[in-house]
Amino acid sequence: VWSVDKKMDKEKEYPQITQASLWIKKNEVVAFPTETVYGLGGNALSDEAIEKIFQAKGRPSDNPLIVHIASTEQLEGIVSSIPERAKKLMDAFWPGPLTLVLPKGEDVAGRVTAGLSTVAVRMPDHPVAMKLIKECGLPLAAPSANVSGRPSPTTAQHVYEDLKGRIPGILDGGATGVGVESTVVDCTAETLVILRPGGVTKEQLEEAAGETSMDPGLLNEKEAPKSPGMKYTHYAPDAPLYLVDGSPAFLQELMDKQKEAGRKIGVLTSEENASFYQADTIIPCGSREKLESVAHHLYDALRAFNESDVDIIYGEVFPKKGVGAAIMNRLEKSAGGRIIKE
Ligand code: TXA
Ligand code: MG
């Protein structure tokens, strides 16, 4: 683990970052912080490097990766064209938590896109990530730096838990800010389509670049999602999670029944309701009044249940407005679709 202070001086040399970039240039893979979650980066032009990413994560090879760049000049060879709407989005949100799906260019390693004719690209808003990309002079293909299926890592410690012994190093830039992954937007269709809700909201996208819709696969279980990654089980704690769409009193009743049956219970709650519950493990996860704080704490909270020996977890639901859409998308996946309505 190589620590770098996030408040770094962009002009200075950082031996930790140089070290990481040397590994990347040798087609090895290293973990690094972004503003959303930690990524596991490798040379996006090398199939050998990409193979190592899939290996380290245990990721299904039909799930394509996001290519991270530090300047729009790097798009040359990575994408083959940039529609006007995509340019508007780049101007408005890069660097930032927005990934654009564009027609694939010739230089991208075939394994990055899992054979698709499109490629996902983003410019991360994190000084360590930006410096790493600049220093190795290569676009970095990077999925979240977790073992496939586990919650995404928002600290270097999370990455260490999942990937120690499997990769040469982790750049530690402290806890990430946004806490959930970038919004993925398809820019190759008639209008913009959100394939994965994230840090940039639908409302913000519409304001910057016009009509934007949600991929029907996100809203309706019967439709296949367009983003290959959205079909897998994800973000799951060890114990089964049940989301409860109802009052705290109803949620407590459910827990009481389980307790009578001798089970150990965990509850994932907003700060506002935390003192209401009686359970073996109570993990608060941000405030309902500030959904950004829920996003920021979400994955750490989900991982924290693995430290306790609960048999079953009940979780509150949040409004799907703004970043709430991303929070609920991830929670529904962690719960494998198990939702109990009052
Ligand atoms: O915030 C993030 O996006 C983080 C940080 C590290 O940048 N990365 C991340 O990567 O979340 P990953 O691999 O965990 O998720 C990438 C998502 C997947 O759902 C994948 O299916 C989708 O992007 N994706 C990648 N390329 C695509 C493409 N060409 N068309 C549609 N979806 C694509
Ligand atoms: Mg991921």
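Visitor: Which pocket is the space taken by ligand 1?
Guide: This is a predicted model, with local features needing pLDDT of at least 70, side-chain atom pairs pLDDT 80 or more, and totals for chains, interfaces and linings using all residues. Residues count from 1 along each chain as written, chains are lettered from A and ligands numbered from 1 in written order, and side-chain values use heavy atoms, without hydrogens or water. A pocket is an open set of 1 Å grid points where a 1.4 Å probe fits, with protein on both sides within 12 Å along at least five of seven lines. By rank, the space of ligand 1 is the second largest pocket.

Visitor: Which side chain has a polar atom 2.7 Å from an oxygen atom of ligand 1?
Guide: Arg 122 places a polar side-chain atom 3.0 Å from a ligand 1 oxygen. For Arg 59 the distance is 2.9 Å. The 2.7 Å distance belongs to Asn 63.

Visitor: How much of ligand 1 does the protein bury?
Guide: A polar side-chain atom of Arg 122 lies 3.0 Å from an oxygen atom of ligand 1. Alone, ligand 1 exposes 680 Å². The share of this area that the protein buries is 97%.

Visitor: Which element gives the largest share of the shell around ligand 1?
Guide: There are 27 residues around ligand 1, Thr 36 and His 68 being among those that come nearest. Four residues, the largest share of the shell, come from β6.

Visitor: Is Pro 127 buried or partly exposed?
Guide: Pro 127 lies in helix α4, residues 127-136. Because its relative accessibility is 21%, Pro 127 counts as partly exposed.

Key: Near = heavy atom within 4 Å. Polar contact = N/O pair within 3.5 Å; in protein donor to acceptor, adjacent residues only side chain to side chain. Areas by Shrake-Rupley, 256 points an atom, 1.4 Å probe, with all protein chains shown as cover. 1 Å grid on protein atoms, 1.4 Å probe; cavity = no way out; pocket = protein on both sides within 12 Å on 5 of 7 lines; lining within 4 Å. Sits in = over half its atoms within 2 Å of the grid points. Helix = DSSP H or I, 4+ residues; strand = E, 2+ residues; numbered from the N terminus. Buried < 20%, exposed > 50% of the residue type's maximum accessible area, 1.4 Å probe, protein only.
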